[in-house]
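Biologist: Got the file open. Can you walk me through it?

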Amino acid sequence: MDRNFEDIVKNHLNYNPDTGILSWINPYTNRFKHGAEVGYTGKDGYRRIQILGKVYLVHRVIWFIVYGNWPKNELDHIDLNRSNNKIENLRECTHSLNNANRISYKNSISKYKGVNLDKRDGVWSAEIHKDNIKYYLGRFKCETSAALAYDKKAKEFFGEYARLNFG
């Protein structure tokens with residue numbers, strides 16, 4: 001029998017919406033065990049599955065199973081947990097909106113997203129990026145004031161996708 005991607009998805013995979021786990025049913029090769037979770041977790045925290053020699057992100061396969069089509073853009077994990085593939089935790093978005101729902105970089109001097117310290121004069125600045133454009137939001141004596149300026153603009157630009165510093 002000639003196997004194709006859709007055949008494997010429909011006849012060999014089971015998505016459990018309560019757990020967000022994609023598992024094998026009727027595995028098409030003896031490498032897989034019935035009921036076992038599919039794929040592997042990469043260094044970036046995303047689960048992947050190889051089907052017919054091509055690697056897919058598991059959350060995108062789940063989207064395909066639930067909606068019957070591929071997402072046109074990126075998928076965002078609302079709670080930032082890359083292993084939580086429950087369909088209610090996934091939403092389609094642009095790259096810019098996906099970036100809006102991320103936390104501050106780990107190596108940032110500031111504890112707040114979008115806030116930087118100018119070491120020359122000890123003043124905090126706020127900036128935000130949208131659609132590959134950097135918006136400068138001002139300079140502030142207080143780190144918290146800069147974070148509040150970021151939050152205000154993030155709400156305006158990204159709405160429900162905005163990962164805010166406060167609330």
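Modeller: One term before we start: two strands pair if DSSP finds at least two bridges between them. And keep in mind that this is a predicted model.

Biologist: Fine. How do strand 4 and strand 5 pair, parallel or antiparallel?

Modeller: Antiparallel, over 4 bridges. Strand 4 covers residues 47–51 and strand 5 covers residues 54–57.

Biologist: Which residue in strand 5 is the bridge partner of Q50?

Modeller: V55. Also, I49 stands opposite Y56 in strand 5.

Biologist: What about the turn between strand 4 and strand 5?

Modeller: The two strands form a hairpin with 2 residues between them. L52 sits in that turn with a positive phi of about 55°.

Biologist: What is the strand order in the open sheet of 3 strands?

Modeller: The order is 3-4-5, with antiparallel pairing. Strand 3 (40–41) and strand 5 are at the edges, each with a single partner strand, so one side of each has no neighbour in the sheet.

Biologist: What holds strands together in general?

Modeller: Strands of a sheet pair through backbone hydrogen bonds.

Biologist: Back to the start of the chain. What does strand 1 pair with?

Modeller: Strand 1 is joined to strand 2 (residues 21–24) by 4 bridges, and the two run antiparallel. Y15 has L22 as its bridge partner in strand 2. This hairpin has 4 residues between the strands, and G20 takes a positive phi near 80°.

Biologist: Which residues of strand 1 are on the covered face, and which on the uncovered one?

Modeller: L13 and Y15 make up the covered face. N14 and N16 are on the uncovered face.

Biologist: Helix 2 next. Which of its residues are buried?

Modeller: V58, H59, V61, I62, W63 and F64.

Biologist: And V66?

Modeller: V66 is in helix 2 as well, which spans residues 58–67. V66 counts as partly exposed because its relative accessibility is 36%. With I65 and Y67, V66 makes a nonpolar surface patch of about 240 Å².

Biologist: What follows helix 2?

Modeller: G68, with a positive phi near 80°.

Biologist: Switching to charges. How many salt bridges are there in the whole structure?

Modeller: The search finds 10. One of them joins D76 and R91, with the closest N and O atoms 2.8 Å apart. That pair links distant parts of the chain: D76 is in strand 6 (residues 74–77), R91 is in strand 7 (residues 90–93), and they are 15 residues apart.

Biologist: Are D76 and R91 buried or exposed?

Modeller: Both are buried. D76 has a relative accessible area of 1%. R91 has 11%.

Biologist: What's a pair with more exposure to look at?

Modeller: Try R139 and D121, which meet in a salt bridge at 2.2 Å, N to O. R139 is in strand 10 (residues 133–140), and D121 is in the loop between strand 8 (115–118) and strand 9 (123–130). R139 counts as partly exposed at 42% relative accessibility. D121 also counts as partly exposed, at 42%.

Biologist: Got one inside a helix?

Modeller: K153 and E156 meet in a salt bridge, 3.4 Å from N to O. They are 3 residues apart in helix 4, so about one helical turn separates them. K153 is partly exposed at 23% relative accessibility, whereas E156 is exposed, with a relative accessible area of 55%.

Biologist: Which residues do salt bridges with shared partners join into one network?

Modeller: D118, R120, D121 and R139.

Biologist: Last one. Where is Y161?

Modeller: In the segment after helix 4 (143–158). Y161 counts as buried because its relative accessible area, 14%, is under 20%.

Biologist: What is Y161 in contact with, leaving aside its neighbours within four places in sequence?

Modeller: D76, R91, E92, C93, L97, A100 and N101. So Y161 contacts D76 and R91, and those two form a salt bridge with each other. The C-alpha atoms of Y161 and L97 are separated by 6.1 Å, with their positions 64 residues apart along the chain.

Biologist: What lies 3.1 Å from a polar atom of the Y161 side chain?

Modeller: The backbone oxygen of E92.

Definitions and conventions. Residues are numbered from 1 along each chain as its sequence is written. This is a predicted model: local features need pLDDT of at least 70, side-chain atom pairs count only at pLDDT 80 or more; totals for chains, interfaces and linings use all residues. Side-chain values use heavy atoms; hydrogens and water are left out. Buried means under 20% relative accessible area, exposed over 50%, partly exposed in between (1.4 Å probe, protein chains only). Contact means heavy atoms within 4.5 Å. A polar contact is a pair of N or O atoms within 3.5 Å; within protein, one must be able to donate a hydrogen and the other to accept it, and residues adjacent in sequence count only if both atoms are side-chain atoms. A salt bridge is a side-chain nitrogen of Lys or Arg within 4 Å of a carboxyl oxygen of Asp or Glu. Patches are made of residues with over 30% relative accessible area and no salt bridge: like charges are joined within 9 Å, nonpolar side chains (Val, Leu, Ile, Met, Phe, Trp, Tyr) within 5 Å. Accessible areas come from the Shrake-Rupley method with a 1.4 Å probe; for residues, only the protein chains shown count as cover.
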